[in-house]
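Thank you for asking for a few remarks on this model. Please have the sequence and the structure open while reading.

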Amino acid sequence: MPDRAAPVLECRCVSKEYKISGENSLFSRTFPAVEDVTLAVQTGETFGIVGESGCGKSTVARLLMCLEKPTAGEIYFQGRRVDSLPERERRLIRPRFQMVFQDSGSSLNPRKRVQDILREPMLHHRIGDPAWVNRRVEELLSMVGLPVEMKDRYPHEFSGGQRQRICIARALSLNPDVIVLDEPVSALDVSVQAQILNLLRELQERMGLTYVFIGHGLGAVHYISHRIAVMYMGRVVEIGTSDELFDRPAHPYTKALLDAAPVARADARFRPRTALKGEIDEHPPQGACPLYHRCPLAGKDCLAFSGEMGEIAPGHFTVCARAWEE
């Protein structure tokens with residue numbers, strides 16, 4: 001079970017801006033990909049991040065992995081600030097958090113055999129002698145459900161689900177404390193998705209791993225996550241336990257996101273739904289809620305948006321002031 005007293009990974013008021021060049025190279029503007037994100041991931045839990053494409057989920061993943069430096073804010077790993085560390089010091093702790101990407105094909109070197117792909121991280125970080133590393137490769141393949149005999153094959157000889165198992169094995173090779181999974185099952189068939197999700201849960205129970213699971217497939221995020229953060233236009237708009245958030249969503253965007261998901265039951269076709277108006281507005285009124293022009297509950301008070309999280313139930317937070325009132 002997650003340890004609520006010991007956050008292993010934290011974001012504190014993190015923002016990330018990118019420069020966008022205009023037609024004239026002398027002029028450019030900044031695009032806020034992530035704004036004022038505050039998260040705390042507890043030891044042993046799966047923390048899900050969900051939202052539509054372009055909401056900033058993958059940017060948060062890169063920030064957590066220290067692959068990008070935040071424009072503002074702080075990132076902590078086991079109580080130590082890591083975003084401001086010199087690269088030499090950051091390399092020493094990098095083995096302790098690993099990442100699994102969406103596209104397993106492009107994240108594996110097509111010119112290397114599986115055993116070389118799995119050996120490389122351990123040899124680079126000087127973990128064990130060559131004989132031990134070879135034994136560890138076979139152990140990792142067994143852990144992710146692949147026959148040891150496959151270690152001499154190349155990535156193109158595997159299916160998509162098998163390649164993702166190899167990526168998981170590579171992430172496990174350094175015994176990390178945290179694994180960031182950036183949409184690891186969205187490119188797979190539904191039946192294969194279930195196999196990978198069950199594998200991740202099994203490994204977590206066996207090894208006490210901590211996951212940050214990023215995705216836009218609501219079913220997968222709900223199934224594997226203990227807590228979930230919902231993002232819209234670079235901001236976290238709601239955080240809650242998986243069941244609480246799916247059973248009692250509070251923010252209008254969360255409600256619309258859940259109502260847009262297909263439901264197998266025929267009688268649910270005519271259920272009441274929350275619908276948003278228009279399209280995403282990249283330039284909402286100054287100081288207004290980012291959802292202002294699309295929200296069915298929007299009022300004049302929404303023009304003064306604080307961005308602060310309010311607790312509407314134990315462990316359930318949202319930035320929507322209307323939700324607080326309800």
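The points below cover the source of the values, the sheet, its helices and the cysteines.

1. This is a predicted model, in which local features need pLDDT of at least 70 and side-chain atom pairs count only at pLDDT 80 or more, while totals for chains, interfaces and linings use all residues. Residues are numbered from 1 along each chain as its sequence is written, and side-chain values use heavy atoms, with hydrogens and water left out.

2. Eight strands form an open sheet with mixed pairing, in the order 6-7-8-3-9-10-12-11; strands are DSSP runs (E, at least two residues) numbered from the N terminus, and two of them pair if DSSP finds at least two bridges between them. Strand 6 (97-100) and strand 11 (310-313) are the edge strands, each pairing on one side only.

3. At one edge, strand 6 pairs with strand 7 (residues 178-182) in the parallel sense over four bridges, and phenylalanine 97 stands opposite valine 178 in strand 7.

4. Helix 1 (residues 57-64) packs on the sheet, touching strands 3, 6, 7, 8 and 9, where contact means heavy atoms within 4.5 Å and helices are DSSP runs (H or I, at least four residues).

5. The count of disulfides, meaning pairs of cysteine sulfur atoms within 2.5 Å, comes to zero. For cysteine 11, the nearest cysteine sulfur, in cysteine 66, is 9.5 Å away. The sulfur of cysteine 302 is too far for a bond, because the closest cysteine sulfur, in cysteine 289, is 6.2 Å from it.

How values were computed. Axes are lines fitted to C-alpha atoms, for helices over the stretch in contact, and angles run from 0 to 180 degrees between N-to-C directions.
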